[in-house]
Amino acid sequence: MLDSMKTLLKEQYSINISAIAPQQGGWAALAYKATSESKHYFVKVYEKSRASTAKLTAHIDRYVPIIRWLVQNSQLEGKISVPLLTNDGCYKYEDEHGIYMLYDYIEGETIGDRELNGKQVRQFIAIITELHRFGAEIPFASGWMKEQFDVPYTDLLQKALSGDIGYMPDEVRRLLAAYELPLSRTINKVKELSQRLQAGELKMALCHTDLHYWNVMQQVKSEQLILIDWEGLKLAPVEADMMFLVDKPYFNEFLNVYRHTHADYEIHSEALLFYQKRRLLEDIWEFLEQLLYEEQGEHTFNYLTKELKAL
Ligand SMILES: Nc1ncnc2c1ncn2[C@@H]1O[C@H](COP(=O)(O)OP(=O)(O)O)[C@@H](O)[C@H]1O
Ligand SMILES: [Mg+2]
C-alpha cells in the first residue's frame, strides 16, 4: 500500500517520496504524511470501499477551482488549504482503491478540542468575514452548490420511529421510543422551516459549512490560522456557518468585526434554527444507521443518546 502510494505520487505528481507514514486523519478519509527531499506533503485518501466516499468526492472538480480562485482573488491566500495539481492538471487522482488529493503539509497544530486564543479568534473572524464577501457573482457555475434546504433523512427517521425499517436492537428501539415526541416535533419543524426558506429569497454567500476546530490548523512558524477541509463548500445563507459561531464566547466580537464588512448584518433566526436542527437530525440518523447496519459500538449508542437529549 505505502509503496504503491510512492509510485502513484511519482507517476501522477512527479515527486520522489523517500518516506510515507499514516497520520491521524479525519472522519471522511485516510491521511498520510509523505516526505520528499525538499518538503513534506499531506495525502488524503477517500477509500472506494466506504459508503460515504461517493458523496464526499462528487464535487471535487467543481469546488477546488473555486477555492483556488479565492486564493488569487481574496485576502484568503495562505489562510485556506488548497490541493496541488497532478501532472495532468487534475485536482484529484483516482484508481480502483480510492480517490487521492495532495496538499502541502501544514507544519502546525490542529485546534481540535481546544479553544482559540485572542489572536486566533481575530484570524478566524477575518477568514469567515472574507469568505462571506463572495457569492453567486464569482466567475464559476454555482447552481450545483446552491443551498436547496433539503432535509434528506427525515423520512428514514420517521420510519425508524414507527419501527418500519427492519430489525432494530431492543436497546435502540427503547431509546428512540423515549425520545419519540421531541424527535418527531423536530422533524416536523425542520420540514416546515425547509419549505419557508425555499420560498423566501435569502441572500447567499460562499460558506464552508463545517467550521469545527478539527478543520482549523495553526501554522507554527507564521502562527497563521488555516481553514482546511473544503468539501462542504456551498452557496448558502451565512447562517450555515454562523451555526458554528453563535455559542462561542467571542460571538459578539465576531459580529462587531463582521459588520464592518457586512454592514447591517442581522442573524436570520429561522435559517439558523434550520441549520442547527437539520444538523442534529443528520447526526442522529448517522449514529442510528451505524447502530443498525454497522458495528454495534457502545460509543455510538452513547453519542446517539447525547444527540437525542439535545433535541
Ligand atoms: N495539509 C495538511 N497538513 C497537515 N495536516 C493536515 C492537513 N490537512 C489536514 N490535516 C490533518 O488531518 C485531519 C483531517 O483532515 P481533513 O481534511 O479535515 O479530513 P476529513 O475530511 O477526513 O475530516 C485534520 O484535522 C488535520 O489534523
Ligand atoms: Mg475535517
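An oxygen atom of ligand 1 lies 3.3 Å from a polar backbone atom of Ala29, and an oxygen atom of the ligand is 3.0 Å from a polar backbone atom of Ala28. These distances come from a predicted model. The protein covers 91% of the 550 Å² of accessible area that ligand 1 has on its own. Apart from the ligand site, this briefing describes an open sheet of three strands.

**Ligand 1 and its surroundings**

- A nitrogen atom of ligand 1 is placed 3.0 Å from a backbone N or O atom of Asp104.
- Two or more residues of the shell around ligand 1 are given by each of the elements β3 (40-47) and β5 (98-104).
- There are 19 residues around ligand 1, of which Lys44, Ile106, Thr110, Trp214 and Asp229 come nearest.
- By residue type, the shell around ligand 1 comprises ten nonpolar, five polar and four charged residues.

**The three-stranded sheet**

- The strands of the open sheet follow the order β6-β8-β9, and their pairing is antiparallel.
- Because β6 (108-110) and β9 (225-227) stand at the edges with a single partner strand each, one side of each is left without a neighbour in the sheet.
- From one strand to the next, the twist averages 25 degrees.
- Three bridges join β6 to strand β8 (residues 216-219) in the antiparallel sense.
- Thr110 has Met217 in β8 as its bridge partner; Thr110 is also among the residues that come nearest to ligand 1.

**Helix packing on the sheet**

- Helix α4 (residues 118-131) packs on the sheet and touches β8 and β9.
- The direction of α4 makes about 35 degrees with that of β9.

Note on methods: Residues are numbered from 1 along each chain as its sequence is written. Chains are lettered from A and ligands numbered from 1 in the order in which they are written. This is a predicted model: local features need pLDDT of at least 70, side-chain atom pairs count only at pLDDT 80 or more; totals for chains, interfaces and linings use all residues. Side-chain values use heavy atoms; hydrogens and water are left out. Two strands pair if DSSP finds at least two bridges between them. Helices (H or I, at least four residues) and strands (E, at least two) are DSSP runs, numbered from the N terminus. Axes are lines fitted to C-alpha atoms, for helices over the stretch in contact, and angles run from 0 to 180 degrees between N-to-C directions. Contact means heavy atoms within 4.5 Å. A residue is near a molecule or strand if one of its heavy atoms lies within 4 Å of it. A polar contact is a pair of N or O atoms within 3.5 Å; within protein, one must be able to donate a hydrogen and the other to accept it, and residues adjacent in sequence count only if both atoms are side-chain atoms. Accessible areas come from the Shrake-Rupley method with a 1.4 Å probe; for residues, only the protein chains shown count as cover. Ala, Val, Leu, Ile, Met, Phe, Trp, Tyr, Cys and Pro count as nonpolar, Asp, Glu, Lys and Arg as charged, and the others, Gly among them, as polar.
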